[in-house]
Amino acid sequence: MSTKSPKVLHIDWTTCEGRGLCTELLPTLLTRDEWGYPLAYDRRREPHIPTELETDVQRAVKLCPKASLRMVSQPDR
């Protein structure tokens with residue numbers, strides 16, 4: 001039986017400039033901190049991506065002006 005690995009959103013903090021596009025494209029997953037950088041509502045460094053948001057996350061990854069976002073499969077634990 002094949003199951004999909006859960007996915008998380010990786011934010012590369014070394015390249016992110018806090019422009020806020022990802023928070024506008026993913027308003028139910030991300031908010032901004034006081035400096036404008038993305039912050040997950042679940043407070044995780046790499047927030048879990050609900051299946052229903054995967055298409056929206058893929059779009060945010062493509063549109064990030066600094067290529068600071070990546071969708072990553074989390075290995076089963």
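**Figure 1. Overall fold of the protein, with two helices and four strands**. The model is predicted. Read from the N terminus, the order of the elements is β-α-β-β-α-β. The radius of gyration is 12 Å, close to the 11 Å that the globule rule gives for 77 residues, so the protein is as compact as a globular protein of that length. The C-alpha trace spans about 45 × 25 × 25 Å along its principal axes. Of the contacts with a separation of 6 or more, 58% are between residues 24 or more positions apart. Buried residues account for 32% of the 77 residues. The accessible surface is about 5,400 Å², and carbon and sulfur atoms contribute 50% of this area.

**Figure 2. Confidence of the predicted model**. The mean pLDDT of the protein is 92, and 94% of the residues reach at least 70. Among the elements, α2 has the highest mean pLDDT, at 98. The lowest mean among them, 96, belongs to strand β3, residues 38-40.

**Figure 3. The largest nonpolar core, made up of 14 residues**. The residues with the most contacts inside this core are L9, L26, L29, L30, V57 and L69. At least two core residues come from each of β1 (7-11), α1 (21-25) and α2 (54-63). In soluble globular proteins, nonpolar side chains tend to be buried together.

**Figure 4. Surroundings of L69**. L69 is one of the core residues with the most contacts inside the core. Leaving aside residues up to four places away in sequence, L69 touches L9, H10 and I11, and also C22, A60, V61 and C64. Of these neighbours, L9 is itself listed among the core residues with the most contacts.

**Figure 5. The salt bridge between E54 and K7**. The side chains meet at an N to O distance of 3.8 Å. E54 lies in helix α2 and K7 in strand β1, so that the pair links distant parts of the chain, 47 residues apart. E54 has a relative accessible area of 13% and is therefore buried, since the cut-off is under 20%. The protein has five salt bridges in total.

**Figure 6. The salt bridge between E17 and K66**. The closest N and O atoms of this pair are 3.6 Å apart. E17 is in the loop between β1 and α1, and K66 is in the loop between α2 and β4 (69-73), so the salt bridge ties together parts that are 49 residues apart in sequence. Both side chains belong to partly exposed residues: E17 has a relative accessible area of 42%, and K66 has 36%.

**Figure 7. The salt bridge between R32 and E24, and a network elsewhere**. The side chains of R32 and E24 meet at 3.3 Å, N to O. R32 is partly exposed at 38% relative accessibility, whereas E24, at 55%, counts as exposed. Separately, E17, R19 and K66 are joined into one network by salt bridges that share partners.

**Figure 8. T51 in the loop between β3 and α2**. The relative accessibility of T51 is 59%, so this residue counts as exposed. T51 and P6 are 45 residues apart along the chain, and their C-alpha atoms are separated by 8.4 Å.

Methods. Residues numbered from 1 in each chain as written. Predicted model: local features only at pLDDT ≥ 70, side-chain atom pairs only at ≥ 80, totals over all residues. Heavy atoms only, no water. Core = buried A, V, L, I, M, F, W, Y, C linked by side-chain atoms within 4.5 Å. Buried < 20%, exposed > 50% of the residue type's maximum accessible area, 1.4 Å probe, protein only. Contact = heavy atoms within 4.5 Å. Salt bridge = Lys/Arg side-chain N within 4 Å of Asp/Glu carboxyl O. pLDDT = per-residue confidence, 0-100. Rg over C-alpha atoms; globule rule 2.2 N^0.38 Å. Areas by Shrake-Rupley, 256 points an atom, 1.4 Å probe, with all protein chains shown as cover.
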